[in-house]
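Here is a short report on one predicted model. Look at the picture first, then read on.

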Amino acid sequence: MSLLEVKDLRLTFEQPAPLPSFLAVQGASFTLEKGEMLALVGESGSGKSLTALACLGLQPEAARISGNINFAGEELVDAPQARLKAIRGKRIAMIFQEPMTALNPLHTISRQIEEMIQLHTQLTSQQRLARVLELLGQVGLAHFKDRLDAFPHELSGGERQRVMIAMAIANNPDILIADEPTTAVDVTVQLKILELLKALQAKLGMAILFITHDLTIVRRLADRVAVMSQGKLVEIGKVADVFAAPAHPYTQHLLVSEPKGIPLPLKNNNNTVISAQDLRVWFPIKKGFFGRVVGHIKAVNQLSITIPESYTLGVVGESGSGKTTLGFALLRLIKSQGRITFQGTDISSLKTNELRAFRQQMQPVFQDPFGSLNPRMTVRQIIGEGLEVHFPQLSENDRESRIDEILLEVGLSPDIKSRFAHEFSGGQRQRISIARAMVLHPKFVVLDEPTSALDLSVQAQILDLLKKLQEKWGLSYMFISHDLRVVRAIAHHIIVMYRGDIVEQGPAETIFANPQHDYTKALIKAAFMGDK
Amino acid sequence: MNLSPLSRRRLNLFKSNRRGFWSLWIFLALFLVSLFAELIANDKPIILKYNDEYYFPVFKAYSEKTFGGDFETQASYRDPFIAGLINDKGWMIWPPIRFSYTTINYDLGRPAPSPPTAVNWLGTDDQGRDVAARLIYGFRISVLFGLALTFFSSIIGIAAGAIQGYLGGWVDLVAQRLIEIWGGLPELFLLIILASIVTPNFWWLLGILLLFTWMSLTHLVRAEFLRARNFDYVKAARALGVAEWRIMLRHVLPNALVSSMTMVPFLMSGAVTALTTLDFLGFGLPPGSASLGELLLQGKSNPQAPWLGFTGFIVIAGLLVLIIFISEAVRDAFDPRKVLKA
């Protein structure tokens, strides 16, 4: 008999009268065997997290649940709370996506791990402390003996995730549910966390239900994979089988949509679009009542870059390395020191009004397509706003036709103009975002992780769109990302940033073929996990 | 009506709170009726016919001589002599309550305050004035005052909060300290002192109270602006070169207003209470004005006439309860986490 057997699981949310009930999970069935790792793959909103939460009886209260969840011979659907409490954390444990919010900021880490042990065992406090030390050693927290009284905010993202894992394995659970445990941490840390999970699984013999949207992780770690799409579990099987011969169209679509391809061929011109010399963004650290400056946070430290026409500069680095700051400093959206030259004009000392003429030529596209569009404006207003500022002489009709044109260009229908941004999916929103920037026909666009908030299948489409626009209008991009797979598909030249400095730069092929700096090597290893 | 799905959701949420929904209709009905107080409670007929001509005494003053009386003064239609003259050659249609809020009923037959009768439905106060009539006028002025105070303090508060939050830095720092000092002033005593220097009328009271009530929304709007000025879509607008004041109006303000909207009805109940308090203490509207606070004061001074106190209490409590129920429904409607029950 399987350790966990889920049969025809359904989760339904009722909506106000005219709307139909929302079927979040529609008949998912799968089994989990002792000691195996099952990956649950699907796009956001496909119901994968809800399915996992239901296994612990933690589905939202508003949801109506039906079907069977059989855990070691015991039915968990509609089981009494007391039973579920005895199972949660003891026999089925869970790791969440965001360790900062999953840990209580007011308790020390040892207190939080100890609580897990205390809840489910009869150990004395000394035995518990010994167990906490053992667990922290197992999860490899550096200097753990001195850091028992550390609070979550004193740890890095990766370390917090290690503490979360220690909490989850505290009672040697039979099943560990990991809900995208590496999405919120940097790529280099991601790899270490995954290796840790795999090692712990081998050692403790637990089954892992691993929820992710990252196919590289699935290929590397999982034994079997279950694919979910729009609430339905469409395919399940051995990883090797599914990847070699995907049966369901959605799985096929998912597999071909991993970011691939190469950058556009370079044109032979050397017209510099934008360049910066000795660019610095230092944030002062102030102390005392009078705000004495005692030091600086060097977000961007003396960088010089040059971006020619029809060229993509890839900027790579982990969070906090200053890559976004660099992009916004170039656009003069953040104060900076140093010289910025845009098509031969020094724009670094221009005032807001003088700068306005240049705004039309340089535009940003943001990471989060949900935060970058005003929820109270229609698509027409969002895209038309820039036209109003820079082309006030346009008649209403001309403006409308420009909006239609750009919508078609980014692959949307002009019929959507009167709708609000929240009616669209993430990918469509990112297209609207791109349309807002492109309708002005800029020369230079800063793309701040334009794909990282999107589902895998959409990422490839957005990349293709960006490349198409670049070819058509000779655009120059600054492409900021932490995902080297995406960068490889679009960038001609790459700079690797680490704590405000460029640690390595060069043509893309050179960097990928022969990375010099240790940090670059770690990034490449993390991104491709060995399979090149 | 073309509503965005979000507005439609809010409207549905508001309607689904039955208590608040019905409170709103009852409140609106009462307010509408009280707006026509002159046609409901007045010491002049609405319309009269005299010598085949029509007269509208509520809207226009006629002298006694018009109806064959002796004096140039305005006709007193309640005077049996004048009424007799008119009824001989025509007819009069009276409002349902034949007293205005200042009319003194001289035919009481017993010392004022007199208990409820068929003539004085809710009795009279200690000066022989009809309580029902005073109630209608008092209700009207309370609601109008509440609406006006809420409106003006919202406008000032939102503007002040918006400027502080959007500009941040020194402006914010200095303005916040000033507001803290201003907010620390003993409001009630200042009001009483000010009210004894000037003879307060409706607008004076509005202005004086406004000095202290505008701050209630400022903190909220300031916080919303501080948050929203770093949103990606605000950055995007800045990158598009949109002027700062336009970013404030178009991108930040509408989103900051949502949280303010949940507060506004509560401000209204505070405003009504403030006016009632001042009237009750005798520092409010000028003597003789119809007001709910004054009615309460009468109830306190005349415990032997319980209809005064009861009437005042029931009407004020009812009015505040209605506003609070509406406020709760508005608050629910703007709550993004509220789930509609199927």
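Both sides of strand S8(A) are covered. On one side sit A:Ala207, A:Leu209 and A:Ile211, and on the other A:Ile208, A:Phe210 and A:Thr212; all are buried. Buried means that 20 or more other C-beta atoms lie within 10 Å of the residue's own; exposed means 12 or fewer, partly exposed lies in between, and C-beta atoms are placed from the backbone. S8(A) covers residues 207–212, and six of its six residues are buried, so the strand is largely enclosed by the rest of the structure.

Some ground rules help here. This is a predicted model, in which local features need pLDDT of at least 70, side-chain atom pairs count only at pLDDT 80 or more, and totals for chains, interfaces and linings use all residues. Residues are numbered from 1 along each chain as its sequence is written, while chains are lettered from A and ligands numbered from 1 in the order in which they are written. Helices (H or I, at least four residues) and strands (E, at least two) are DSSP runs, numbered from the N terminus.

Which strands pair with S8(A)? Two strands pair if DSSP finds at least two bridges between them. The table lists partners of S8(A).

| Strand of chain A | Bridges to S8(A) | Direction | Facing residues |
|---|---|---|---|
| S3 (residues 37–41) | five bridges | parallel | A:Val41 and A:Thr212 |
| S7 (residues 175–179) | five bridges | parallel | A:Ile177 and A:Leu209 |

From S7(A), the chain crosses through helix H7 (residues 187–204) to S8(A), and this β-α-β crossover is right-handed. That is, with the strands pointing away from the viewer, the path from the first strand over the helix to the second runs clockwise.

Now the two chains together. In chain A, 22 residues are in contact with 19 residues of chain B. Contact means that the C-beta atoms of two residues, placed from the backbone, lie within 7 Å. On the chain A side, helix H12 (352–359), strand S16 (362–365) and helix H13 (379–390) each supply at least two residues. H13(A) gives the largest share, four residues.

Last comes chain B itself. It has 13 helices and three strands. Its radius of gyration, taken over C-alpha atoms, is 26 Å. The globule rule (2.2 Å times the number of residues to the power 0.38) gives 20 Å for 342 residues, so chain B is more spread out than a compact globule. Its C-alpha trace spans about 80 × 50 × 40 Å along its principal axes. Buried residues make up 39% of chain B.
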